Amino acid sequence: MTVYPHLLAPLDLGQVTLKNRVLMGSMHTGLEETGDWNRVAEFYATRARGGVGLMVTGGMAPNREGGVFPGAAGLFTARDIENHRQVTDRVHQAGGRIAMQILHAGRYAYGPDCVSASAVKSPISPFAPKELDEDGIEKQIADIVTAAVRAKEAGYDGVEVMGSEGYFLNQFLVTHTNRRNDRWGGPYENRIRLPVEVVARVRAAVGPDFIVIYRISLIDLIPNGQTWDEVVTLARAIEGAGASLLNTGIGWHEARVPTIATSVPRAAFAHLTGRLRQVVGIPVITSNRINTPEVGEALLADGMADMVSMARPFLADPDFVAKAASGRAREIAPCIACNQACLDHTFSGKLTSCLVNPRACHETVLSYAPTGAPKRLAVVGAGPAGMMCAMVAAQRGHKVVLFDKAGALGGQLNLARQVPGKEEFHGLVDWFTHEVPRLGVDVRLGRAVEVADLAGFDSVVVATGVSPRDPGIPGQARALGYIDVLKGAKVGPRVAVIGAGGIGFDVAEFLVAGGHSATLHPEEWRREWGVGDPALTPGGLAVPAPEPPARQVWLLQRKAEKPGRGLGKTTGWIHRAALQAKGVKMLGGVSYDRITDEGLWITRDGKAELLAVDDVVLCAGQLPERGLYDRLIAAGIEAHVIGGADVAAELDAKRAIDQGARLAASL
Ligand code: NAP
Ligand code: SF4
């Protein structure tokens, strides 16, 4: 008897029966654009082998003007169909099912030919869309239908019509972007005409035996968004038009509310899917910040949905379902919702991967195949780089001993998890703590090792991490280090944080939160970010009502630019907004003169000023701890250096884990 009876129950859609209730949601990986279709096929086949019930591909453009960016992949030619057939064949051979998402970006298309309901430019794009005329709208519908027919020809089990997140179909639904007064605009009955027409014509063209998913926006989170009554009207009309499943989308891309970042509470929006489920007859899928089988199971058991969509968790672990089904849930590599190797890559034009699984999207190029020549390896330092290196090396058949002077695994991850909104790091540390010994690594903690201790190994990997940089400010002895603060040192009510990098921001969030995390209290989190009820306010936007800060904090840097520029591409704005909401004063262009009993003396714009603070916290960056490596090399012992001990600048867990995995794969 499984512990996940709801999650693993089959779902009869009429057209087909899915083997379980888990959907791998659509993700743009960038793989299709590489032209390496073996690699694309292997990405999906790996996940099919891992047991997921149904997968949805990344968004495919129905035409050039609807592509998310110029050159976005789509089914335009016979060759494209052949390429996609490689994917569907391999998925089917692996016992999986796959639907192709049709994504028309409308005014979110990053190019001058973009089109929409009205010529209303999006705040996140430099391109104003062209308003479509009647023929133009008909062309878009015809192109979407053609894409669906080609998807069927390419062997897909179905299509997902993307109607949420503020893309083309969503743009017709709200007066914010639809200013028309013809039969496609004006009253809601007219504004829903396009998506309903699209679904009806797709269904007519593909026939009854093909899955048609419609992704509906449940809460737009923009001004003048849809009301709940409107969402229900649309959902029923889409059902009537022949959709098999309703998948749910949360928030437009331009919304100023985080919807999938790590600080969003788990399943924060699933109650809306539960509400929708009461009023439609077809199965509904819930999504956003669901990353464990327990959360998925609870949502289904509570009647919130018929299926659970997880996207990024399948980058972190393609075997998510197989592990859950075979009683090995603790082995599931957790998605920590950091976006660092997935969405941040996508938005920088890089191939998607995953912080905890560097093989994601690199299945054909990064192999952890068994070694033909097992070695005795010592890994020194049990932070992310060292743990990953030790695990992969052991998995490949090397005999690995992992040393750390601390009494627990995790290194700096143990600091990150103290930060409110970063609770997912607990799961990451737990996973490493479970997996490192399970994979056969001999763990020796509480022991600082030196060259003499390492002489008997064939090779030594030095992953000794970083130490805080000393900024050399006069009076600095009065200041606190960030490690002490995150470990619970007493801090006064007025604090200056020196350094506004990743750690400075984390420490500022820690200090204003005062030991409390809204991420663990969904109601409070919704109040803080102004997430209301779409039944009460259109689009579900309310006035943000953050809790008062626990302290007054100044966050400082020397560079004369906006603090936080180096933070994650898709998450930096969230950190800045969270601190602004707590009244943190973020100052750039500062030089630090001295720290006295009165506070911190700085010079800004040529003027000296006193920040009358009780405490100063140093977050001035890191320096590599590579002394052991240098001593090993001097002693003629084969050694490698990875993670922060290699390069401390711009170090993060993504680079550390990636470097650890790649070194282990090459040994
Ligand atoms: P960092 O991002 O390199 O930031 C160091 C900060 O210290 C900068 O604001 C820098 O700004 C300042 N600084 C540098 N030298 C200084 C000096 N001599 N005196 C005074 N200030 C100085 O390093 P970090 O904050 O220690 O973070 C380490 C890494 O961990 C980061 O690179 C980051 O990627 C990662 N991390 C990431 C996250 C995340 O959310 N993704 C969170 C935590 C940590 P000025 O030079 O302008 O003063
Ligand atoms: Fe999840 Fe981060 Fe991996 Fe993206 S990079 S899949 S958010 S763990």
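## Salt bridges and a filled cavity

E331 and R438 form a salt bridge, with their closest N and O atoms 3.5 Å apart. The model is predicted. The exercises start from this pair.

**Exercise 1.** Which parts of the chain does the pair E331 and R438 tie together?

*Solution.*
- Step 1. Place E331: the loop between α11 (320–325) and α12 (343–346).
- Step 2. Place R438: helix α15 (residues 424–438).
- Step 3. The pair therefore ties together parts that are 107 residues apart in sequence.
- Step 4. Check accessibility. E331 has 10% relative accessibility, so it counts as buried. R438 has a relative accessible area of 41% and is partly exposed.

**Exercise 2.** Find the partner of E134 in a salt bridge with an N and O distance of 3.0 Å, and place both residues.

*Solution.*
- Step 1. The partner is R183; the closest N and O atoms are 3.0 Å apart.
- Step 2. E134 lies in helix α3 (residues 134–153), and R183 in the loop between α4 (168–173) and α5 (188–191), so this contact joins parts 49 residues apart in sequence.
- Step 3. Relative accessibility is 30% for E134, which counts as partly exposed. R183, at 37%, also counts as partly exposed.
- Step 4. Widen the view. E134 and R183 belong to a network of salt bridges that also links E138, E197 and R201.

**Exercise 3.** Are E609 and R604 buried, partly exposed or exposed?

*Solution.*
- Step 1. Establish the contact: E609 forms a salt bridge with R604, at 3.3 Å between the closest N and O atoms.
- Step 2. Apply the cut-offs: buried is under 20% relative accessible area, exposed is over 50%.
- Step 3. E609 has 25%, so it is partly exposed. R604 has 25% relative accessibility, so it counts as partly exposed.
- Step 4. Set the pair in context: the whole structure has 35 salt bridges.

**Exercise 4.** Describe the largest cavity and what takes up its space.

*Solution.*
- Step 1. Count: a search of the whole structure finds one cavity of 30 Å³ or more.
- Step 2. Size: the largest cavity holds about 90 Å³ of space.
- Step 3. Lining: 16 residues line the largest cavity, and C335, C338, C342, C354 and L355 are the closest to its centre. By class, the lining has 12 nonpolar, three polar and one charged residues.
- Step 4. Occupant: ligand 2 takes the space of the largest cavity.
- Step 5. Shell: the residues around ligand 2 include R312, L315, I336, A337, N339 and A341. The shell has nine nonpolar, one polar and one charged residues.

Technical notes
Residues numbered from 1 in each chain as written. Chains lettered and ligands numbered in written order. Predicted model: local features only at pLDDT ≥ 70, side-chain atom pairs only at ≥ 80, totals over all residues. Heavy atoms only, no water. Near = heavy atom within 4 Å. 1 Å grid on protein atoms, 1.4 Å probe; cavity = no way out; pocket = protein on both sides within 12 Å on 5 of 7 lines; lining within 4 Å. Sits in = over half its atoms within 2 Å of the grid points. Nonpolar A, V, L, I, M, F, W, Y, C, P; charged D, E, K, R; others polar. Points joined across faces, edges and corners; volume = space filled by probe spheres on them. Salt bridge = Lys/Arg side-chain N within 4 Å of Asp/Glu carboxyl O. Helix = DSSP H or I, 4+ residues; strand = E, 2+ residues; numbered from the N terminus. Buried < 20%, exposed > 50% of the residue type's maximum accessible area, 1.4 Å probe, protein only.
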